[in-house]
Amino acid sequence: MPSPAPSPRRAGRPRSAEADVAIMDATREALVEVGWSKLTVGHVAARAGVAKTTLYRRWANKGELVVHAVAALFDELELPDCGSLQADIESVILAFAGLLQQPGTNASLMAVVAESTNDPSLREHIREAIVQRQKRLVLQGRQRAQRRGELPPDAADPEEDARLVDLVFDVIAGAVVHRTLVSAEPVDTEWARRFTTLILQGLPAAASL
């Protein structure tokens, strides 16, 4: 007898990976549409086509959900090898600024940061899910520059080395976030070049550009 035809895939809830993508997209879209105060887990679930229990199994509350929706976008950032530390930094600055200018990223990040000012646990979640994870770009860039001979080896003291990574991340991320979201000024190729020159060579070099 011939083998029975395979059963067609049932419509309904997406598989887990598909559900995660749908939920992240729905969270960012809903924030743009209704804002933080009106956003609910039920609203996101309906928009994503999943049950509310699916969300609550992954995230304890709305704040955690939004943090992960932002973190998912930042996790897509890469540091391409452009041939030099200067070019690598300029490239990631432009990519980061472009991501921040997307309505979904802008609304999500601004909303969750504002809410975290009165919620220490949410602030810690932002630190763990976004800030700490994105320091990978600093570590990757430094290791690549060390292989090229552009930077010295890591410090002998691991704590001092970690403080340096924190400082580099804070300077770059802080400047781009402030210019993009607070000052609402463009982060274009010229700005990225001058800012990167300031970091690597100091004020006299940046002023001469």
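What span should the 16 residues of helix α5 have at 1.5 Å a residue, and how far apart are its end C-alpha atoms?

**View 1. Helix α5, end to end.** The expected span is 22 Å for residues 85-100, and the end C-alpha atoms are 22 Å apart, which agrees. That expectation is 1.5 Å times one less than the number of residues. Helices here are DSSP runs (H or I, at least four residues), numbered from the N terminus. This is a predicted model, where local features need pLDDT of at least 70, side-chain atom pairs count only at pLDDT 80 or more, and totals for chains, interfaces and linings use all residues. Residues are numbered from 1 along each chain as its sequence is written, and side-chain values use heavy atoms, leaving out hydrogens and water.

**View 2. The buried side of α5.** Among the buried residues (under 20% relative accessible area, 1.4 Å probe, protein chains only) are Leu 85, Ile 89, Val 92, Ile 93 and Phe 96. The buried residues of α5 pack against α4 (62-74), α6 (103-116), α7 (120-148), α8 (158-182) and α9 (189-201).

**View 3. A nonpolar patch on the surface.** Here Leu 164, Leu 167, Val 168, Val 171, Ile 199 and Leu 200 make a patch of about 450 Å². Patch residues have over 30% relative accessible area and no salt bridge, with nonpolar side chains (Val, Leu, Ile, Met, Phe, Trp, Tyr) joined within 5 Å. A salt bridge would be a side-chain nitrogen of Lys or Arg within 4 Å of a carboxyl oxygen of Asp or Glu. Areas come from the Shrake-Rupley method with a 1.4 Å probe; for residues, only the protein chains shown count as cover. Helix α8 gives the most, with 4 residues.

Methods
Helices (H or I, at least four residues) and strands (E, at least two) are DSSP runs, numbered from the N terminus. Buried means under 20% relative accessible area, exposed over 50%, partly exposed in between (1.4 Å probe, protein chains only). Contact means heavy atoms within 4.5 Å. Patches are made of residues with over 30% relative accessible area and no salt bridge: like charges are joined within 9 Å, nonpolar side chains (Val, Leu, Ile, Met, Phe, Trp, Tyr) within 5 Å.
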